[in-house]
Each structure stands twice: as C-alpha cells, then as structure tokens.
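User: I'd like to go through this model and check what the labels rest on. Can you take me through the reasoning?

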Amino acid sequence: MTNENIVELKNITVTFDGEKILDRINLAIKDKEFVTLLGPSGCGKTTTLRVIAGFVSPTEGDILFDGKAVNHLPPHKRQVNTIFQRYALFPHLNVFENIAFGLRVKKVPEAEIKKQVTDMLKLVNLSGYEKRNIAKLSGGQQQRVAIARAIINRPKVLLLDEPLAALDLKLRKDMQVELKNIQKSLGITFIFVTHDQEEALSMSDTVVVMNEGVIQQIGTPQDIYNEPKNAFVADFIGESNILDGVMKEDFLTSFSGREFTCLDSGFARNERVDIVVRPEDVDIVPEKDAMLLGEVTSVTFLGVHYEIIVDIGGFKWMIQTTDEQKVGDKVGLYIEPDAIHVMKKSKYSGMYGDYSTFSDEIEHLSDLEEDEN
Amino acid sequence: MKHISRIYTALVMVFLYAPIAVMVVYSFNASRSTSVFGGFSLKWYAELLNDSSTIEALENTLVLAVLSSLVATVLGTLSAVGIFSMKKKWAKTAAMTVTNIPMMNPDIVTGISLMLLFVFVGQMVGSKNSLGFGTMLIAHITFNLPYVILSVLPKLRQTDHHLAEAAQDLGCTPFMAFFKVILPSIMPGVFSGLMMAFTLSLDDFVISYFTTGPDFQTLPIKIFSMTKRRVTPDMYALSTLIFLSVLLLLILSNVAQARSEKRREGAKA
C-alpha cells in the first residue's frame, strides 16, 4: 500500500506534571484532507495541534510527516504553518511585512517577495492594505492577514487553532466558506481545531471528536452525526435523547417500556445498550397511532420549529416539531426504525441525553464546571 | 476653594523649583558673593571650561554612565527574558527577590560591601591599587541592573506569548525569533531602562565614592571634594549645565513616548 498519509500520530501521549493531557492518540491524516479536531475546552485538541507544530514534544509516541518521524525536528524546520487563535500578528510590522515575514526569513529575493505578497493580498481580498498598521485592521481583516502570512509559505499542512472564535456570527459564516475555498484551490491539508460542532460538520472531510485527551470517534460529518459511537459524541454533536435500552435480538430493541424495530445488528442477545433518538426524528401523531404517550412540559419557539420537552414515564425527551403544542398537552410519539441508533455502553452512559434539567442556564453552568475540572 | 488649591499648587512649585532657579541665577552672577547679585556674567562658565580637572571629571562621568548603562541594559534585558520564562514559581519569586534587594539596600551599604569585595579580590590577585575605573564600572552596572530588569519585565508580560511561536512557525530559530519579534515589542521598556540606568549612573555619589580610586574622579565626587574647601560659583555653573542636560533628556524621552502613544492611539481609531 502506498503511504498517502501526510501526517500520522502514533500512540501520542503527553503528560504535564503527572497529568495526562493526551492519552494514546492515533490519527492518520491524508494529503489535501480537511480534518477537524472537535471537543470541549480542555479536551486536548489544541495540544494535539501543538504536538504537530512542534511546540509540545510528546512524552511517548511518534509524529510522522510523509512516513518519516519528526519527533525531534524543531518548529522552524517543520513543513507546517499555524494560524493562531488570536492571530499573533507582529504588531511592529505593517500588513505587507507581516505577510512577507516567512519569505524574508528564507531570504527570498525582494522582487519575488513583492510579487508573492501582492498575489496573496489579492487572494485574501486585502489589496491596497499593504502599508496599513496591524492594529488598524478589523478582526476579519486581521484574520485574513494571518491566513496570508501562513499560506504564502506554501506549507503542506496548515494548522488552524480556533481561527474563527474571535469573529461575530455573520463574519464567521463568511470566513468558513472562504477558508474552505482556499483549502480547495490551493490543495493544502487543513487541520482545524474548534469547539463549535456546527462549524466542524459544515467544513470538514473528517471530524475527530475528542474528550479528556482521548479520541472518541473519527469519521465523516455524516458518520459522526448519524452513527455516534457513544453517549458523549451523541450529546456533543447536536441534540440527542439518549435512553437506556436492551438489544433483544438483531433489528429489535427495547426501551421506554416497549419494543422497537431498528436497523442495528451485531449485538449480543439482551445486551444492555444506549439508544439515541434525534429530536428532529420523532414524529408527533394522534394517540391511536402512537408508539409512546407523553405529556408536554415545556415549549420553546425557535423560529424554524418548536423545541418541546415531553415527559414519557419520567424521562424527558426533547422533540423538534413545526406543530404548536401547549404545556400540559398529551401527545403521541412515533419513531421510524431508521431514527433509532444503538450504541455500546461506555463510561459516558447515563451522563448525557436526558432533558429533565434542561435549560440554557443550567447547561451553561455545567459547561463551566467541566472547564474547571 | 479654587483659589486655595491654586495657591497650594504654586507653593509646591516654588519649593520644588526655587532652589534650582536661585542656583541658575547665581551661576550668572558677576560677583563671588552668595547674597548680592553683581550683574550678569558668563565668567564662571568660562572658568569652568578652563578647569581641565573638572572637564576630565565630566568626561569620566559620561563615559562611565554610557558604558555602565549600555552593559546593564544588555544584561538586564537578558535577565528579564530569563526570569520571565522561568517555569517554576518559587524560582521566579527567588529571582525577583534577588533583583529587588539591591534596590532597597541603602547605597552606603552597597558601596561599602562592593569596596570590601573589590579590595579583597584585588589583594587575592596581588594588586596594590585595585580601585579605579574598572571597579566603578562594575559597581554602576550592579546597581543599574535591577532597574533595567524591572522596566523590561512588564513589557514582556504585555507581549503576546504566541508571537515568538508564530515567528518560529514561519521559519525563525528561537534566537532569530527573539531579535525579529520579541525585542521590537519590548523596545520601549528596554529604552526606558537604558535612560533610567544612564541618569542613575550620572548622579550616583555614595557608591562611586567607595568604589573609586584616587586616579579616577567623576563629577559628583569632584564637586563633593571641592565643597570641602569652599563652594565657588563655577560649581553653580556646572550644576546648571547638568540640570539643563537632564531636563533636555527628560523632554526628549517624553516627546518620544508621546509620539509612540499617539501612533498607538491612531492605530486604535
């Protein structure tokens, strides 16, 4: 087999003061691929990026570029460039000199520098800003300078550390499209770090979901969303109702006190499992056609649809529907076989996917707690 | 109320600057008297310029101030970078304490202890007369060092720590990254450290007095030795000149600071 992996991480472990930041990370990244490392803060995604850039040396394991170990290669000798979270533009240099920095270090002839920087400014829509002071630029413009400064060096791999986190929503959407276009037109491998699951799903070829220094799942955005490996992934990517269930036999499962046909197989008979049902996959039907009956306990109007919480035997489901419901209404639920996803039990079982304490405020509080831990 | 505060301010100004004004006026006095102004004259300035020992002392002072402040700035900047990048907290605290002690220490203690050390080491290497320009230079660098460190450290803290990484990422060795990126962004701190070291060295008397030998005199020492006999008006002239140079230096550094602030503010707008 020809080795088409441009970057490979083999059993990378990073320990700081006895604390494991990364735990046996294995990751193979193909040439020209757009890979996103996704996870909550403190999950090790930025450390992974810094290992690839050379700013952190792994306690154990190997980093391979084009099949060759580069563990002891210092950052300035690696064929990668980084876009830092707060851009890290050089404040004492103007736009032109910031972008020219890498070429000047390489002692490229002056005429060549001028030509390349001019081309690069055109690419990122900043022509005419050559002499501008860095601090006089808006956040979006600084972002473009950071991109130009990195890709003018024609790296094989571009590392992006939450590059859009500092931009407002509208600008972020535009930059997502722009980054994707740059990646396609230049054919550079992108390794992108974010905690924003929507960003990860919309931009990537491959998503790597991380938590607590461990890779939870690697897959296409569709795989990650439709076939989450465990309760953590299911909860982190989108909204999920995650229930305790039993796999009766192939294609037959039981949860919430009744049996359902599903499309999953390959589990042991009567194996205890986690069941994921996405809020948009639950249909509200008249009681006579219903598989489950419940009572509406909360309704939130979100524009495109309503988000309602339905109590079914003490477990609170989140359901997205376009029909208006009222608190206290009795509703019937119908779930198609392909809406049910069965997962093996993991250490995250029972931690996520119940909306009984659901409110934005509480979710925010629990996020803060996670950050501190 | 407004009047009272104005009068108060005026009084403060008078107490601060009246002595200097009197000195400047008397440096132009035609007579030798300290109580009677006998008309305008530049003769004390002429006398000062003809006094070769005073001019030599002035030269010594300037050479010493320039050399010691430059060396202290280089060493101090390097130390600040070193202290800043210390990972262990206790080591950092220890380094800062070591830095602060010489500043808090009374000059006389520093002076005597340095003298003792120089004489001791001098005797060990068999030199009879170890005190002189060399020992004084070492002494001045020593007491200038903490001031440079303390003016560079805050600038390092303000500098985005990703800047050096960004430079390395773009192909710089760590050494190049320091000169191309870190040094420019801490330059204001380095410069103000240099200015402070220069002025401190210029007017130091106590430590200089203990660490110099008979062959090397700086202005403060020379003036002090002259006042033992009698104060002549050419000393007023000399002091006036020193005051004016310090004033000029102050104005220059203020203008430079105002300019850089203006640039930064313009950048924000």
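User: What are the domains of chain B, and how do you know where they end?
Analyst: Bear in mind that this is a predicted model. Chain B is divided into domain 1 (1-41) and domain 2 (52-268), and those bounds come from an automatic or database domain assignment. The C-alpha centres of the two domains lie 32 Å apart.

User: What makes you say that domain 1 and domain 2 of chain B are in contact?
Analyst: Contact asks for heavy atoms within 4.5 Å. Seven residues of domain 1 of chain B are in contact with eight residues of domain 2 of chain B.

User: Why is the pair Phe34(A) and Phe190(A) called tilted?
Analyst: There are 21 aromatic pairs over all chains, and here is one of them. The ring centres of Phe34(A) and Phe190(A) are 5.4 Å apart, and a pair needs centres within 6.5 Å. Their planes stand at 40 degrees; stacked would be under 30 and edge-to-face over 60, so the label is tilted. Phe34(A) sits in strand E3 (residues 34-38) and Phe190(A) in strand E8 (residues 189-194) of chain A, so the pair ties together parts that are 156 residues apart in sequence. Both Phe34(A) and Phe190(A) are buried.

User: What makes Phe90(A) and Phe101(A) a tilted pair?
Analyst: Same kind of check, with 4.5 Å centre to centre and 45 degrees between the planes. The distance passes the 6.5 Å limit, and the angle is neither under 30 nor over 60 degrees. Phe90(A) is in the loop between strand E6 (80-83) and helix H2 (95-105) of chain A, while Phe101(A) is in helix H2 of chain A, 11 residues apart.

User: How do you know whether Phe90(A) and Phe101(A) are buried or exposed?
Analyst: Buried means under 20% relative accessible area. Phe90(A) has 0%, so Phe90(A) is buried. Phe101(A) has 4%, so Phe101(A) is buried too.

User: What makes Lys180(B) count as lying over the face of Phe101(A)?
Analyst: Lys180(B) is at 5.6 Å from the ring centre of Phe101(A), and the limit is 6 Å, along with an angle to the ring normal within 35 degrees. In chain B, Lys92(B) lies over the face of Phe84(B), at 5.5 Å from the ring centre.

User: Which residues form an aromatic cluster with Phe232(A)?
Analyst: Phe236(A), Tyr348(A) and Tyr352(A) join Phe232(A) in one cluster.

User: Why is Ala146(A) called buried?
Analyst: Ala146(A) has 3% relative accessibility, and the cut-off is under 20%, so Ala146(A) counts as buried. Ala146(A) is in helix H4 (residues 139-151) of chain A. Leaving out residues up to four places away in sequence, Ala146(A) touches Ile83(A), Tyr87(A) and Leu89(A).

User: And Glu199(A), why is that one buried?
Analyst: Glu199(A) has a relative accessible area of 4%, under the 20% cut-off, so Glu199(A) is buried. Glu199(A) belongs to helix H6 (residues 197-203) of chain A. Beyond its neighbours within four places in sequence, Glu199(A) is in contact with residues including Arg172(A), Gln176(A) and Phe192(A).

User: How do you know that E15(A) pairs with strand E19 of chain A?
Analyst: Pairing takes at least two bridges, and four bridges join E15(A) to strand E19 (residues 330-335) of chain A, running antiparallel. Asp283(A), for one, has Tyr334(A) as its bridge partner in E19(A).

User: What makes E15 and E18 of chain A edge strands?
Analyst: The open sheet has the order E15-E19-E16-E17-E18 (chain A). Strand E15 (282-285) and strand E18 (315-321) each have a single partner strand, so one side of each is left without a neighbour in the sheet. The twist averages 45 degrees from one strand to the next.

Terms used: Residues are numbered from 1 along each chain as its sequence is written. Chains are lettered from A and ligands numbered from 1 in the order in which they are written. This is a predicted model: local features need pLDDT of at least 70, side-chain atom pairs count only at pLDDT 80 or more; totals for chains, interfaces and linings use all residues. Side-chain values use heavy atoms; hydrogens and water are left out. Rings of Phe, Tyr and Trp (its six-membered ring) pair if their centres lie within 6.5 Å; planes under 30 degrees apart count as stacked, over 60 as edge-to-face and the rest as tilted. Helices (H or I, at least four residues) and strands (E, at least two) are DSSP runs, numbered from the N terminus. Buried means under 20% relative accessible area, exposed over 50%, partly exposed in between (1.4 Å probe, protein chains only). Axes are lines fitted to C-alpha atoms, for helices over the stretch in contact, and angles run from 0 to 180 degrees between N-to-C directions.
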